[in-house]
Amino acid sequence: MLGLKLATDPRWVNIVESNIEEILTDHAWCEQKAASNAISIVTYNSEIEELVTEMLEIAREELEHFQMVHNIIKQRGLTLGRERKDHYVNVLFKFMKKDGSRRDALCDRLLFSAMIEARSCERFKVLSENIKDEELAKFYRDLMISEAGHYTTFLGFARKYQDNIDVDKRWKEWIEYEGSIITNYGKNETVHG
């Protein structure tokens, strides 16, 4: 369904299990950034009522996920560390087109968002199927379903609100680009690392 070029090596979970506090902290901040991204889409496209309504719902869900991760951190006697840079997302951001109409920019922002959700969904699936911690396996299985919903929402809105972009062609470009950079990741105990 996601169409990603390269699947995450399940051995990545061994790295994650070596530092659960780090993956949970990184994950919490990923959820916060996802909420901020949805709010940014609202800020720049406030005239599109349907989009605003759905992005506010996504932002609320992402903040709920942040709270859920934070609760797990507290329950385990761990500490929410400082925000981490997400190098994967920063490299993806550079691929986003900055020219064209406002609608073209919106379309590419939505595809950028869909790409992040697709990879997050895939990583959560790998975690849910391979992590030994049963509580975290169930948690990541549930979040995988939510991320898949966000992915399809972003992709659907990109198709709906494009002006002059062949969304299927541009999505294939995103898939190819992500496939070319993901080989640099999967080596750290972070969601996208």
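Start at Arg123, in helix α5. If you set aside its neighbours within four places in sequence, Arg123 is in contact with Thr8, Trp12, Ile182, Tyr185, Gly186, Thr190, Val191, His192 and Gly193. What you're looking at is a predicted model, so keep that in mind as you go. Is Arg123 buried or exposed? Arg123 is buried, yet has no salt bridge. The nearest side chain of opposite charge belongs to Glu122, 4.0 Å away.

Now step back and take in the whole thing. The protein has seven helices and zero strands, so reading from the N terminus you get α-α-α-α-α-α-α. How far does the C-alpha trace of the protein span along its principal axes? The answer is about 50 × 30 × 25 Å. A compact globule with 193 residues would have a radius of gyration near 16 Å, and the protein has 16 Å, which agrees. Of those 193 residues, 50% count as buried. Contacts tell a similar kind of story: take the ones with a separation of 6 or more, and residues 24 or more positions apart account for 83% of them.Let's follow helix α3 next. With 27 residues, α3 reaches 39 Å from its first C-alpha to its last, close to the 39 Å expected at 1.5 Å a residue. Its buried residues are Leu51, Val52, Met55, Ile58, Ala59, Glu62, His65, Phe66, Val69, Ile72 and Ile73. An α-helix has 3.6 residues a turn, so residues three or four places apart point the same way. What covers the buried residues of α3? The cover includes α2 (20-44), α5 and α6. Just after α3, Gly77 takes a positive phi of about 70 degrees.

Helix α3 also brings us to charged pairs. Side chains of opposite charge can pair when their charged atoms come close. The count for this model comes to 18 salt bridges. One of them joins the side chains of Glu50 and Lys160, at 2.6 Å from N to O. Glu50 lies in helix α3 (residues 49-75) and Lys160 in helix α6 (residues 134-161), so this pair ties together parts that are 110 residues apart in sequence. Glu50 is partly exposed, with a relative accessible area of 39%, and Lys160 also counts as partly exposed, at 48%. Elsewhere, Glu57, Arg60 and Glu64 are linked in a network of salt bridges.

Over in α6 you'll find Glu147. How far from Glu147 is the nearest side chain of opposite charge? That side chain, Arg119, is 12 Å away, and Glu147 has no salt bridge even though it is buried. Not counting residues up to four places away in sequence, Glu147 touches Glu31, Glu62, His65, Glu117, Ser120, Cys121 and Phe124. Two of those names, Glu62 and His65, are on the list of buried residues in α3.

Arg119 itself does have a partner. Which residue does Arg119 form a salt bridge with? The partner is Glu178, and the closest N and O atoms are 2.7 Å apart. Arg119 lies in helix α5 (residues 102-130) and Glu178 in helix α7, so the pair ties together parts that are 59 residues apart in sequence. Here both ends are tucked away: Arg119 counts as buried at 0% relative accessibility, and Glu178 counts as buried at 0% too.

That takes us to α7. At 1.5 Å a residue, the 15 residues of α7 should span 21 Å, and the end C-alpha atoms are indeed 21 Å apart. Asp166 caps the N-terminal end of α7, with a side-chain oxygen 3.3 Å from the backbone nitrogen of Asp168. Which residues of α7 are buried? They are Val167, Arg170, Trp171, Trp174, Ile175, Tyr177, Glu178, Gly179 and Ile181. These buried residues pack against α4 (87-95), α5 and α6.

One last pair starts from α7 as well. Glu176 forms a salt bridge with Lys5, and their closest N and O atoms are 2.9 Å apart. Where do the two residues sit? Glu176 is in helix α7 (residues 167-181), while Lys5 is in the segment before α1 (12-17), so the pair links distant parts of the chain, 171 residues apart. Glu176 is partly exposed, with a relative accessible area of 46%, whereas Glu178, in the same helix, counts as buried.

Methods
Residues numbered from 1 in each chain as written. Predicted model: local features only at pLDDT ≥ 70, side-chain atom pairs only at ≥ 80, totals over all residues. Heavy atoms only, no water. Helix = DSSP H or I, 4+ residues; strand = E, 2+ residues; numbered from the N terminus. Buried < 20%, exposed > 50% of the residue type's maximum accessible area, 1.4 Å probe, protein only. Expected span 1.5 Å × (residues − 1). Contact = heavy atoms within 4.5 Å. Polar contact = N/O pair within 3.5 Å; in protein donor to acceptor, adjacent residues only side chain to side chain. Lys, Arg positive; Asp, Glu negative; His and termini not counted. Rg over C-alpha atoms; globule rule 2.2 N^0.38 Å.
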